[in-house]
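Reader: Hi! Could you take me through one part of this structure up close, the part with the aromatic rings? I'm new to this, so please go step by step.

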Amino acid sequence: MNEPHRTVEVEHKDVQHKSDSSMVASTFIKYTAYIIIFFGFLYFLVKYVFPKF
């Protein structure tokens, strides 16, 4: 019953998610511009193109 001491090494990993706020803001602005252009194009179709048919 006399067991020798065992040394166990535990590896700890610290995962840090780095968020660049300027990158997030520029991506938000880019996709907002895409959405505005898309809805502007749809408005143009509904207002000017479809009534001509």
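Author: Sure, and let's start with what a pair is: rings of Phe, Tyr and Trp (its six-membered ring) pair if their centres lie within 6.5 Å. Keep in mind that this is a predicted model. By that rule, the structure holds three aromatic pairs.

One of them is Phe 38 with Phe 39. Their ring centres are 5.6 Å apart and the planes meet at 65°. Planes over 60 degrees apart count as edge-to-face, so that's the label this pair gets.

Now stay with Phe 38 for a moment. You'll find Phe 38 in helix α1, which covers residues 21-49. Is Phe 38 buried or exposed? Well, somewhere in the middle: its relative accessible area is 46%, and partly exposed is the class between under 20% and over 50%. Phe 38 and Phe 39 also turn up together in a nonpolar surface patch, along with Ile 35 and Leu 42. That patch comes to about 390 Å².

Next, another of the pairs: Phe 44 and Tyr 48. Here the ring centres sit 5.8 Å apart, with the planes at 40°. An angle under 30 degrees would be stacked and one over 60 edge-to-face, so this pair is called tilted. Both residues belong to helix α1, and because they are four residues apart there, about one helical turn separates them. As for accessibility, Phe 44 is partly exposed at 41%, and Tyr 48 is partly exposed too, at 48%.

Definitions and conventions: Residues numbered from 1 in each chain as written. Predicted model: local features only at pLDDT ≥ 70, side-chain atom pairs only at ≥ 80, totals over all residues. Heavy atoms only, no water. Patch = residues over 30% accessible without salt bridge, like charges linked within 9 Å, V, L, I, M, F, W, Y side chains within 5 Å. Areas by Shrake-Rupley, 256 points an atom, 1.4 Å probe, with all protein chains shown as cover. Salt bridge = Lys/Arg side-chain N within 4 Å of Asp/Glu carboxyl O. Helix = DSSP H or I, 4+ residues; strand = E, 2+ residues; numbered from the N terminus. Buried < 20%, exposed > 50% of the residue type's maximum accessible area, 1.4 Å probe, protein only.
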